[in-house]
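Work through the exercises below with the structure open beside you. Try each task before reading its solution.

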Amino acid sequence: MGLFARMETVFKSKMNKVLNRMEDPRETLDYSYEKQLELLQNVKRGVAEVTTSKKRLQLQRAKLIQSNEKLEKQAREAVAADREDLARMALERKAALQQQVDGIDREIAELEKQEEKLIASEKRLSTKVEIFRTKKESIKAQYSAAEAQVKINESVTGISEEMADVGLALERAENKTDEMKARAEAIDELMEAGALEDLTGGRDDIERELAKISTQSSVESELAKLKAEAGKGPEKAKTGGESKGPEEGKEV
């Protein structure tokens with residue numbers, strides 16, 4: 001196989017794949033149906049044209065018959081008037097017209113045969129088109145249902161392009177959310193450890209240290225109070241020593 005032959009084969013195969021991917025069977029069926037309708041309309045126009053031609057010949061024949069009848073009447077009148085020459089002339093014209101009538105009769109008979117054939121063809125084609133239309137609509141409905149089912153299944157399984165894009169977008173959103181959460185937690189830890197300065201607080205290092213001392217003092221005071229209430233603090237020992245002193249003085 002030569003180079004150009006191989007290139008032609010590759011090009012045809014590629015184009016065939018592209019066309020198969022682009023082709024919609026429903027559109028193809030509709031197009032075929034339209035072409036059949038056009039053919040049916042052409043047959044109907046043919047029937048109408050043949051019928052029109054036949055009617056035209058029939059009108060022409062009727063006029064010739066009238067002329068023949070008139071010539072025959074004239075011939076009778078000429079014979080009655082002893083004008084054989086005029087009668088002969090009238091009969092000759094009548095004979096010529098009769099030949100035209102016979103020719104028209106043959107043409108009308110031929111047109112009638114054509115008309116019958118065209119009408120029969122129209123009926124057969126009309127039946128065929130109607131059958132094709134019914135079949136076409138059935139196939140289109142089945143294709144649409146199958147296409148919808150495929151899209152639903154692809155969406156459910158996540159293998160469709162749209163759902164794949166949605167899945168990727170969701171994954172990116174989750175990753176960004178986790179990243180923002182981790183960053184927020186890291187910043188909170190650094191702020192609690194004092195590694196970062198709270199610019200929104202409006203306080204310097206001294207104020208923060210004083211606030212820390214005040215907080216610790218308040219905590220210690222509260223803790224001492226709780227210990228005293230529980231009888232475990234220094235206030236209990238002090239209270240016990242003061243109550244024992246007077247008793248010892250009385251014994252002395």
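## Exercise 1: A bridge between two helices

Start with this pair: a salt bridge joins the side chains of Glu-147 and Arg-26, at 3.1 Å from N to O. Place both residues in the chain and classify each as buried or exposed.

**Solution.** Check the rule. A salt bridge needs a side-chain nitrogen of Lys or Arg within 4 Å of a carboxyl oxygen of Asp or Glu. The N to O distance of 3.1 Å meets it.

Next, locate the partners. Glu-147 belongs to helix α3 (residues 84–157), and Arg-26 to helix α2 (residues 25–80). They are 121 residues apart, so the pair links distant parts of the chain. Helices here are DSSP runs of H or I with at least four residues, while strands are runs of E with at least two; both are numbered from the N terminus.

Now grade the exposure. Buried means under 20% relative accessible area, exposed means over 50%, and partly exposed is in between (1.4 Å probe, protein chains only). Arg-26 has 19% relative accessibility, so Arg-26 counts as buried. Glu-147 has 27% and is partly exposed.

A note on the source: this is a predicted model, where local features need pLDDT of at least 70, side-chain atom pairs count only at pLDDT 80 or more, and totals for chains, interfaces and linings use all residues. Residues are numbered from 1 along each chain as its sequence is written, and side-chain values use heavy atoms, with hydrogens and water left out.

## Exercise 2: The whole chain

How many helices and strands does the protein chain have, and what percentage of its residues is buried?

**Solution.** Count the elements. The protein chain has 6 helices and 0 strands. Read from the N terminus, the order is α-α-α-α-α-α.

Then take the burial. Of the 252 residues, 13% are buried. The chain exposes about 20,700 Å², with 55% supplied by carbon and sulfur atoms. These areas come from the Shrake-Rupley method with a 1.4 Å probe; for residues, only the protein chains shown count as cover.

Finish with contacts (heavy atoms within 4.5 Å). Among those with a separation of 6 or more, 73% are between residues 24 or more positions apart.

## Exercise 3: More salt bridges

Find the salt bridge partner of Glu-130, then the network that includes Lys-140.

**Solution.** The total by the rule is 12 salt bridges. Glu-130 pairs with Arg-133, their closest N and O atoms 2.8 Å apart. Both sit in helix α3, 3 residues apart, about one turn of the helix. Glu-130 is partly exposed at 39%. Arg-133 is partly exposed at 30%.

Move to the network. Salt bridges link Asp-30, Lys-136, Glu-137 and Lys-140. Lys-140 lies in helix α3. Its relative accessible area is 18%, so Lys-140 is buried. Beyond its neighbours within four places in sequence, Lys-140 contacts Arg-26, Leu-29 and Asp-30.

## Exercise 4: The nonpolar cores

Which residues have the most contacts inside the largest nonpolar core, and which helix gives the largest share?

**Solution.** Use the rule first. A nonpolar core is a set of buried Ala, Val, Leu, Ile, Met, Phe, Trp, Tyr and Cys residues joined through side-chain atoms within 4.5 Å.

The largest core has 13 residues, and Leu-57, Leu-64 and Ile-104 have the most contacts inside it. Helices α2 and α3 each supply at least two of its residues. The largest share, 7 residues, is from α3.

Look at Ile-104. Apart from neighbours within four places in sequence, Ile-104 touches Leu-57, Gln-60, Arg-61 and Leu-64. A second, separate core has 5 residues, among them Tyr-33, Leu-40, Val-43 and Val-129.

## Exercise 5: The ring of Tyr-33

Which ring pairs with Tyr-33, and which charged end sits over the Tyr-33 ring?

**Solution.** Rings of Phe, Tyr and Trp (its six-membered ring) pair if their centres lie within 6.5 Å; planes under 30 degrees apart count as stacked, over 60 as edge-to-face and the rest as tilted.

The count is 1 aromatic pair. Tyr-33 and Phe-132 have ring centres 6.5 Å apart and planes at 15°, so the pair is stacked. Tyr-33 is in helix α2 and Phe-132 in helix α3, so the pair ties together parts 99 residues apart in sequence. Tyr-33 is buried at 17%, whereas Phe-132 is partly exposed at 22%.

Last, the charge. It must be NZ of Lys or CZ of Arg, within 6 Å of the ring centre and within 35 degrees of the ring normal. The charged end of Lys-136 sits over the Tyr-33 ring, 4.9 Å from its centre.
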